Amino acid sequence: MSLFKKIFSKEKKETLDKGLEKSKTDFFSKLGKAVAGKAKVDDEVLDDLEDVLVSSDVGVSTTVKIINRIEERVARDKFLGTDELNKILREEIAALLSETNSGEATDFYVPTDKKPYVIMVVGVNGVGKTTTIGKLAYQFKKEGRKVVLGAADTFRAAAIDQLQVWADRVDVPIVKQKMGSDPASVAFDSVQSAVKQNADVVIIDTAGRLHNKVNLMNELTKVKRVMQKVVDDAPHEVLLVLDGSTGQNAFEQAKQFTAATEVTSLAVTKLDGTAKGGVVIGISDQFKIPVKYIGVGEGMEDLQVFNKYEFVDSFFK
């Protein structure tokens, strides 16, 4: 099918295949049980397939769209064998995701007309936010970009320490203050430092508290406003990090954060340790916000740009 062409390198593709192994094995185990003893795709098979997709964390709304597409195909082609279901799913999900304006990337790209390009990273504690920032810094630096990190999650001492570890590991400068400092002040200093150093990218970590949406909204709004005193259109990107292993809870976090601030891109982490990889399909379809990165392992290279065709190809391989 023309949607599927070789995009990633062999090594990158192998990493993606391995990272989605648990999700794929779980999905096909359920699918195998759903079509056992059935020769053709009928209403009963479609009902069972709907259950499989929902239980694989694809999400109800996206599942209904996929089932509708397959129903149309059954009506058109009259007879579809269950042995073709894998291929059909692969094609229809890729076609569905091709209607979204995201998941086309092949590398870690930063616009060159914004300097420094300011990325504000948000997400609850424990989702892999700081690790994602470190790996992003590594990838941008590898592309020849000058990167500065800003430790504006001043609510937890561990967050500042952890970001310092990544800054040392990647060998990029970090701007930080002591725990309990004003996050907006750290963000201001970080952007100002990036300007002085003629940096290409500055990545700002922020606190991951969701217990009070009003406080979160006020804090993030203040951080943005203060950064704009240095770079008037900052931040250029607000990246929300979600833990893919939490399945439907990731949807809920996305709803909460998009209500609290204007999120412009998403990173879905920890997909290698879970069978809930289907959540990426649902999130990519449902939120009109691009999934930009996915985490498929612990290594530096295991944060990948999200390419929907490569993802679906690996999932249904």
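Does D26 count as buried, exposed or partly exposed, and at what relative accessibility? In this predicted model, D26 has a relative accessibility of 26% and therefore counts as partly exposed, since the class of buried residues ends under 20% and that of exposed residues begins over 50%. The side chain of D26 meets that of K30 in a salt bridge, with an N to O distance of 3.0 Å. K30 is likewise assigned to the partly exposed class, with a relative accessible area of 25%. Both residues belong to helix α2 (residues 21-35), where a spacing of 4 residues means that about one helical turn separates them.

Across the whole structure, a search finds 24 salt bridges. Side chains of opposite charge can pair when their charged atoms come close. In one of these pairs, K222 and D182 form a salt bridge in which the closest N and O atoms are 3.1 Å apart. This pair links distant parts of the chain, 40 residues apart, with K222 placed in helix α9 (residues 213-227) and D182 in the loop between β3 and α8 (183-196). K222 counts as partly exposed at 33% relative accessibility, and D182 is also partly exposed, at 33%. Salt bridges further link R69, R73, K87, E91 and E92 in a network.

A further salt bridge joins the side chains of K292 and E237, at 2.9 Å from N to O. Here too the pair links distant parts of the chain, as K292 lies in strand β7 and E237 in strand β5 (residues 237-243), 55 residues apart. The two partners fall into separate accessibility classes: K292 is partly exposed at 24% relative accessibility, whereas E237 is buried, with a relative accessible area of 4%.

The largest pocket encloses about 300 Å³ of space. Its lining comprises 20 residues, and those closest to its centre are A105, Y109, E237, P290 and K292, so that this group includes both partners of the salt bridge between K292 and E237. Strand β7 (residues 291-295) gives the most to this lining, contributing 3 residues. By class, the lining of the largest pocket is made up of 10 nonpolar, 6 polar and 4 charged residues.

The second largest pocket holds about 250 Å³ of space. It is lined by 17 residues, with T131, K135, K270, G297 and E298 lying nearest its centre. Two or more residues of this lining come from each of the elements α6 (129-142) and α7 (157-170), and α6 gives the most, with 3 residues. The lining of the second largest pocket divides into 4 nonpolar, 7 polar and 6 charged residues.Helix α6 itself is largely enclosed by the rest of the structure, because 10 of its 14 residues are buried. These buried residues are K129, T130, T132, I133, G134, K135, L136, A137, Q139 and F140; K135 is also among the residues nearest the centre of the second largest pocket. At 1.5 Å a residue, the 14 residues of α6 should span 20 Å, which agrees with the 20 Å that lie between its end C-alpha atoms. Just after α6, G144 takes a positive phi of about 95°.

The strands include an open sheet of 8 members in the order β3-β2-β4-β1-β5-β6-β7-β8, with mixed pairing. β3 (174-175) and β8 (303-305) stand at the edges and have a single partner strand each, so one side of each is left without a neighbour in the sheet. Strand β4 (residues 201-206) is largely enclosed by the rest of the structure, because 6 of its 6 residues are buried. V201, I203 and D205 point one way from β4, while V202, I204 and T206 point the other way, and all are buried.

The two neighbours of β4 in the sheet order are β2 and β1. Strand β1 (residues 117-122) pairs with β4 in the parallel sense over 5 bridges; in this pairing, Y117 stands opposite V201, and the bridge partner of V118 is V202. Strand β2 (residues 147-152) also runs parallel to β4, to which 6 bridges join it, and A151 stands opposite D205.

Outside the sheet, E84 is found in the loop between α4 (60-77) and α5 (85-97). E84 is partly exposed, with a relative accessible area of 33%. Although E84 and V41 are 43 residues apart in sequence, their C-alpha atoms are 8.9 Å apart in space.

Notes: Residues are numbered from 1 along each chain as its sequence is written. This is a predicted model: local features need pLDDT of at least 70, side-chain atom pairs count only at pLDDT 80 or more; totals for chains, interfaces and linings use all residues. Side-chain values use heavy atoms; hydrogens and water are left out. On a 1 Å grid over the protein atoms alone, a cavity is a set of points where a 1.4 Å probe fits but cannot get out, and a pocket is an open set with protein on both sides within 12 Å along at least five of seven lines; lining residues have an atom within 4 Å of a point. Grid points are joined across faces, edges and corners, and a volume is the space filled by probe spheres set on the points. Ala, Val, Leu, Ile, Met, Phe, Trp, Tyr, Cys and Pro count as nonpolar, Asp, Glu, Lys and Arg as charged, and the others, Gly among them, as polar. Buried means under 20% relative accessible area, exposed over 50%, partly exposed in between (1.4 Å probe, protein chains only). Two strands pair if DSSP finds at least two bridges between them. The expected span of a helix is 1.5 Å times one less than its number of residues. A salt bridge is a side-chain nitrogen of Lys or Arg within 4 Å of a carboxyl oxygen of Asp or Glu.
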